[in-house]
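Dear colleague,

I am passing on the structure we spoke about, and I would be grateful if you could look through it with the notes below beside you.

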Amino acid sequence: MPHSQTSAPRGSVRLARGASPWLLPTVATAALSLARARHSRRAAAIAVPATALAAGMLWFFRDPEREITQGRVISPADGVVQSIMPWKDGRTRVAIFMSPLNVHVNRAPLAGTVTSVEHIPGGFVPAFNKESENNERVVWHFDTELGDIEMVQIAGAVARRIVPYVPQGTKVEQGDRIGLIRFGSRVDIYLPEGVEVAVEVGQTTTAGVTRIDRD
């Protein structure tokens with residue numbers, strides 16, 4: 001399945017879908033305090049941290065265009081490979097930790113059809129903690145040329161909301177945007193039996209760009 005073309009030029013940056021509940025109040029507060037800063041000491045005192053927070057939010061919710069890498073399985077997330085673990089059923093789980101500094105828009109690791117999008121309530125342990133496997137999460141399943149591929153978006157201590165972009169039944173192309181996790185978090189992808197992992201623990205990944213498997 002060929003990758004869809006985007007109208008935005010490569011290298012351009014837009015804001016992530018699902019950012020508005022956090023971004024709009026922050027930007028509005030900064031703009032209002034800046035407008036009143038000349039006439040109010042209180043507004044002036046608020047303006048500096050409010051503007052810094054708004055700038056931080058704009059940076060966090062950035063969503064850059066990417067040139068999608070060719071390969072069977074590509075990284076669904078920006079971050080650092082936290083662990084690579086063989087699973088009892090023969091699959092291999094690759095866990096990618098996303099810090100608040102990473103882009104938090106996740107992308108489809110393969111082309112295929114979304115067969116399941118399941119939200120599972122849970123805790124909010126820091127995403128780098130082993131117990132984060134019981135955190136609030138969204139479990140995805142994709143029907144692909146490699147068979148069923150499972151991907152899990154896991155909320156962290158700060159991330160209290162996962163925002164899926166596409167519903168069950170949607171056909172996605174490799175590298176398509178499929179969801180957002182607000183603030184620090186983790187994404188796990190399970191490679192089928194027989195698929196060799198190409199990344200290493202500690203390696204930095206880029207969603208849509210870093211290849212996860214090896215020929």
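The notes that follow deal with confidence, then the sheet, then the cores, and lastly one loop residue.

Please keep in mind that this is a predicted model, in which local features need pLDDT of at least 70 and side-chain atom pairs count only at pLDDT 80 or more, while totals for chains, interfaces and linings use all residues. Residues are numbered from 1 along each chain as its sequence is written, and side-chain values use heavy atoms, with hydrogens and water left out.

On confidence, the chain has a mean pLDDT of 83 (pLDDT being the predictor's confidence in each residue, from 0 to 100), and 76% of its residues reach 70 or more. Residues 1-8 have a pLDDT below 50, and this stretch has 13 contacts in the model beyond near neighbours in sequence, where a contact means heavy atoms within 4.5 Å.

The sheet is open and has 8 strands in the order E10-E6-E7-E8-E12-E4-E3-E14, with antiparallel pairing. Strands here are DSSP runs of at least two residues, numbered from the N terminus, and two of them pair if DSSP finds at least two bridges between them. Strand E10 (171-172) and E14 stand at the edges with a single partner strand each, so one side of each is left without a neighbour in the sheet.

At the E14 end, strand E3 (residues 79-86) is joined to strand E14 (residues 204-205) by 2 bridges, and Val80 has Thr204 as its bridge partner there. E3 also pairs with strand E4 (residues 92-98), in the antiparallel sense and over 6 bridges, with Ser83 opposite Ala95 and Ile84 opposite Val94. These two strands form a hairpin with 5 residues between them, and Gly90 in the turn has a positive phi of about 100°.

At the E10 end, strand E6 (residues 112-120) runs antiparallel to E10, joined to it by 2 bridges, and Thr113 stands opposite Lys171. E6 pairs with E7 as well, over 7 bridges, and Val114 stands opposite Phe142 in E7.

Which residues touch the most other members of the largest nonpolar core? Of its 34 residues, they are Val94, Trp140, Phe142, Ile178 and Leu191. A nonpolar core is a set of buried Ala, Val, Leu, Ile, Met, Phe, Trp, Tyr and Cys residues joined through side-chain atoms within 4.5 Å, and buried means under 20% relative accessible area, exposed over 50% and partly exposed in between, with a 1.4 Å probe and protein chains only. Strands that each supply at least two residues of this core include E4, E7 (137-144) and E12 (185-191). Apart from this core lies another, of 5 residues, among them Ile120, Val139, Val152 and Ile154.

Finally, Thr69 lies in the loop between strand E2 (62-64) and E3, and counts as partly exposed because its relative accessibility is 22%. Leaving aside neighbours within four places in sequence, Thr69 is in contact with Ile74, Gln174, Gly208, Val209 and Thr210. Its side chain reaches the backbone oxygen of Val209 at 2.4 Å, and Thr69 and Thr210, although 141 residues apart in sequence, are 7.1 Å apart in space, C-alpha to C-alpha.

With best wishes

Notes
Helix = DSSP H or I, 4+ residues; strand = E, 2+ residues; numbered from the N terminus. Polar contact = N/O pair within 3.5 Å; in protein donor to acceptor, adjacent residues only side chain to side chain.
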